[in-house]
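Good morning, colleagues. Please take a moment to look at the structure on the screen, and I shall then walk through selected parts of it.

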Amino acid sequence: RFPLKDSKRLIQWLKAVQRDNWTPTKYSFLCSEHFTKESFSKRLEDQHRLLKPTAVPTIFPFTEKKDENQDYVKSRTEIASQILVRDGDQPREGGCEVVERTSYSDQDFMVMQGSNEMEQVTFQTETGSVTEQGEKVCGQVEEPLRRMFADNLVTKTGLQKKPERPSVDNCCESTVHAESWITDRSGVSIDDFTPPVSGACKFIGSLHSYSFSSKHTREKPSFPKEQLEKKRPKRDVEPSCSSNKSLVESSPNSSLTATPQKPSQNLSASPADLTPQPATEAVVGQKGDTDANPMSINEVIISASGTCKLIDSLHSYCFSSRQSKSEVCCLREQVEKKNGELKLLRQKINRSDSQVKKLKEKLDELEKINFPYLNSLLSQDCETPQLNPVIEPLSWMLGTWLSDPPGDGDYPTMKPFQYLEEVHISHVGQPMLNFSFNAFHPDTRKPMHRECGFIRLKPDTNKVAFISAQNTGLVEVEEGEVNGQELSIASHSIARISFAKKPHVEQITRTFRLNSDGKLEQTVSMATTTQPMTRHLHITYKKVTP
Ligand code: HEM
C-alpha cells in the first residue's frame with residue numbers, strides 16, 4: 001500500500017512512480033517488483049516477507065526520467081499533502097481484492113488499484129504460478145462450475161468490457177492468460193449451470209454470488225487479526241475445498257441468511273480453508289500496511305472453486321430431488337394408467353359377473369332338467385296336509401324316492417338295461433296316495449318311461465287299487481293287497497291308445513316293499529302278446545325326504 005500516513009515517504013513513492021494526474025488511495029498498491037531486495041524483511045514467526053517501513057520503490061524501467069522535474073516533484077508533494085488531510089483512515093486488512101494494471105509514459109509498472117466494487121483484475125508477477133495453481137484447482141471442478149465461476153468473475157469484474165492490454169512482463173502474461181480463460185467462457189450464464197424451474201437450484205445458484213461477495217466482506221473481518229493469522233494456512237499449502245461451515249465463517253458480514261445443512265461428506269475441508277490467505281508480497285507494504293491483506297485473484301479462484309464445489313454439492317440434492325420428483329411423476333402416470341386399466345378390468349368383471357349370474361341361472365335350469373328329482377325336492381317346501389287315516393296302511397310308501405342303485409331292466413325280447421328313476425308318493429289329505437314314476441337314461445339323463453296315478457285303499461280293508469297312466473299310451477288298473485309294508489298288485493284292466501306300439505302288454509304284476517334297510521323295492525313283471533309273464537323291471541329306491 002502507498003504510505004498515506006507518511007508524507008515524506010509518500011512523496012518519495014509518488015516521485016518514484018512518476019504518474020501524472022493520479023492520486024493514490026488506501027486501495028492503491030504498488031507491485032513488489034519495484035522494490036529492491038533490501039526493502040524487505042522477514043517476519044520472525046512465519047518468515048513472511050514484509051516491506052520495511054522505510055522502503056521506497058526504486059525499480060522502474062523508465063525511458064524518461066521525470067524525477068528531476070521540479071514541477072513534477074511539487075505536484076507529488078501537493079498530492080501527498082491532500083491525501084494526508086483527506087484520508088485519515090488507516091487502510092484495513094484485505095481492503096483490496098482487485099488490482100489495476102496501469103502504465104505511465106509507455107512504461108509498465110504495477111499499481112494495484114483496489115476498490116470495493118472489484119472493478120478490474122490484474123495478476124501480479126508472483127501470482128502467476130499461484131494463478132496456475134488456481135486454474136489447476138478450477139480445472140478439477142466440473143466444466144459447468146468453471147463456466148459458472150468464469151461467468152461470475154466476468155460479471156463482477158467487467159473484464160469483458162476492458163480492452164486487453166499488451167503484456168510486457170510476467171505479470172501481464174498471467175493476466176492475459178487468465179483473461180482469455182475467463183472470456184472464453186464468458187458467454188455462459190449461471191442459469192446454464194442452474195437447473196431450470198427449480199426454486200432450490202435458483203436459491204443455491206444465488207449462493208454462488210455470495211461466495212464471491214463474501215470475498216468482499218473479508219476486507220472487514222469481524223475477528224481479530226491474530227485469530228485470522230492462526231487460521232491462515234501457509235502460502236505453499238495446497239488450498240482445499242471448503243465446507244459449509246467454512247462458508248459461513250468466511251463470510252462474517254455476508255447477508256447470506258440461509259445455511260445449507262451438511263452438503264456433502266466428501267467436502268472435508270476445515271473452516272480455515274476459506275479464510276483469506278496471505279496476499280502476495282507485492283501487495284504488502286510497510287508494517288502498518290501488512291494489515292492490509294487483500295484477496296489476490298488466486299485466492300479468489302481457489303476459495304471460489306472450493307466454495308463453488310460446496311455449492312455444487314448442494315445442487316446434487318436438487319438434482320436428486322428433481323430426479324425423485326420426476327420418478328414420482330413417472331410413477332404417478334403409471335399408477336393413473338394402471339387405475340385406468342383397473343377400471344376397465346372392473347367393468348369387464350362386472351360384465352363377467354353378469355354373465356356368470358346368467359350362466360348360473362341357466363345351469364340351475366339345466367340341473368333341474370337333468371336332475372328332475374332335485375327339482376322335485378325343491379317342491380317339497382309345500383306344507384303337507386294331515387294324512388288321511390284311510391291311507392295310513394300305505395303311509396310307508398310316502399316320500400320321494402331315488403333309484404339306488406340304478407334299476408335293472410330286461411325282457412326276453414331285449415338287451416338288459418339300466419335306468420334311473422325318481423318316485424314321488426304323496427297325499428293331499430285325501431284318502432288316496434298320489435304317485436309319479438319318472439325314469440331317465442342313466443347316461444344321457446333323458447326321460448324314458450313315465451307314469452302317474454293314484455293308489456286307493458278300500459276303507460277298512462287292505463284292498464288296494466292302483467290306477468296308472470303311462471306315457472306309452474297305456475292305462476291300467478291294478479288291484480291287490482297291502483300287507484304290512486308290502487303291496488302286491490296285479491292288472492285288473494288295461495287299455496291303450498289305438499296306435500300303441502306292439503307287442504301289447506296283456507298282464508302286469510307289481511310288488512312294492514319297504515325293505516329292512518329303509519329302501520323301497522319295486523318289481524314289475526308283464527306278459528305281452530308275444531311273451532309270457534316275465535320280470536321286466538327291478539329297482540330299489542332310497543328315500544330322499546323325511
Ligand atoms: C309297468 C310299466 C311298464 C310296462 C307295462 C312296460 C311294457 C313294455 C313292453 C310291452 C315292451 C315291449 C316288449 C317287447 O318288445 O317285447 C317294453 C319294452 C321296453 N321297456 Fe317297458 N314297460 C314298463 C315300464 C318300463 C320302465 C319303467 C322302463 C324304464 C326305462 C321300461 C323300459 C323299456 C325298454 C327300454 C324297452 C325296450 C325298448 C322299447 O320297446 O321301447 N319299461 N316295455
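Let us start with the contacts of Leu-457. Setting aside neighbours within four places in sequence, Leu-457 is in contact with Val-390, Ile-391, Pro-393, Leu-394, Asn-462, Lys-463, Val-464 and Val-482. I should say at once that this is a predicted model. Leu-457 belongs to strand β10, and it counts as buried because its relative accessibility is 4%, under the 20% cut-off. One of its partners, Val-390, is 67 residues away in sequence, yet the two C-alpha atoms are 6.8 Å apart in space.

Another of those partners, Pro-393, deserves a closer look. Pro-393 is placed in the loop between α11, residues 372-378, and β6. Is Pro-393 buried, exposed or partly exposed? Its relative accessibility is 32%, so Pro-393 counts as partly exposed; the category covers values between 20% and 50%. Beyond four places in sequence, Pro-393 is in contact with Leu-457, Val-482 and Gly-484. Leu-457 and Pro-393 therefore both list Val-482 as a contact, where contact means heavy atoms within 4.5 Å. From C-alpha to C-alpha, Pro-393 and Asn-462 are 7.6 Å apart, with their positions 69 residues apart in sequence.

Let me now step back to the chain as a whole. The chain has eleven helices and 16 strands. Of its 546 residues, 46% count as buried. Among contacts between residues at least 6 apart in sequence, 62% join residues at least 24 apart.

I turn next to the ligand. Where does the ligand sit? The ligand sits in the largest pocket. It is surrounded by 19 residues, and the closest are Thr-413, Met-414, Phe-417, Met-526 and His-536. Several strands contribute to this shell: β8 (414-426), β10 (447-457), β14 (505-514), β15 (520-528) and β16 each supply at least two residues. Strand β10, which supplies part of the shell, is also the strand that holds Leu-457.

Which protein residue is the donor to the iron atom of the ligand? The single donor from the protein is His-536, through its NE2 atom, at 2.3 Å. His-536 is located in strand β16, which spans residues 534-543. An N or O atom in the side chain of His-536 is also 3.0 Å from a nitrogen atom of the ligand. Thr-413 has a polar approach as well: an N or O atom of its side chain is 2.5 Å from an oxygen atom of the ligand.

In the segment after β16 we find Thr-545. This residue counts as buried because its relative accessibility is 13%. The side chain of Thr-545 reaches the backbone nitrogen of Thr-400 at 3.1 Å.

We come now to strand β9, residues 432-440, where Ser-436 lies. Ser-436 has a relative accessibility of 17% and so counts as buried. Apart from neighbours within four places in sequence, Ser-436 is in contact with Glu-422, Val-423, His-424, Glu-451 and Cys-452. Ser-436 and Gly-453 are 17 residues apart in sequence, while their C-alpha atoms are 6.5 Å apart in space.

I shall close with some details of the backbone. Which residues are joined by cis peptide bonds? One such bond runs from Asp-404 to Pro-405, with omega near -5°. Pro-405 lies in the loop between β6 (399-403) and β7 (407-411). Another cis peptide bond joins Lys-502 and Pro-503, with omega at about 5°. Pro-503 is in the loop between β13 (486-496) and β14.

Two further residues have a positive phi although neither is a glycine. Gln-18 has a phi of about 55°, and Asn-21 has a phi of about 50°. Gln-18 is placed in the loop between α1 (7-17) and β1 (28-30), and Asn-21 is likewise in the loop between α1 and β1. Are these residues buried or exposed? Gln-18 counts as buried because its relative accessibility is 4%. Asn-21, by contrast, has a relative accessibility of 79% and therefore counts as exposed.

Thank you for your attention.

Note on methods:
Residues numbered from 1 in each chain as written. Predicted model: local features only at pLDDT ≥ 70, side-chain atom pairs only at ≥ 80, totals over all residues. Heavy atoms only, no water. Helix = DSSP H or I, 4+ residues; strand = E, 2+ residues; numbered from the N terminus. Buried < 20%, exposed > 50% of the residue type's maximum accessible area, 1.4 Å probe, protein only. Donors = N, O, S within 2.8 Å, 3.2 Å for Na, K, Ca; no water. Near = heavy atom within 4 Å. Polar contact = N/O pair within 3.5 Å; in protein donor to acceptor, adjacent residues only side chain to side chain. 1 Å grid on protein atoms, 1.4 Å probe; cavity = no way out; pocket = protein on both sides within 12 Å on 5 of 7 lines; lining within 4 Å. Sits in = over half its atoms within 2 Å of the grid points.
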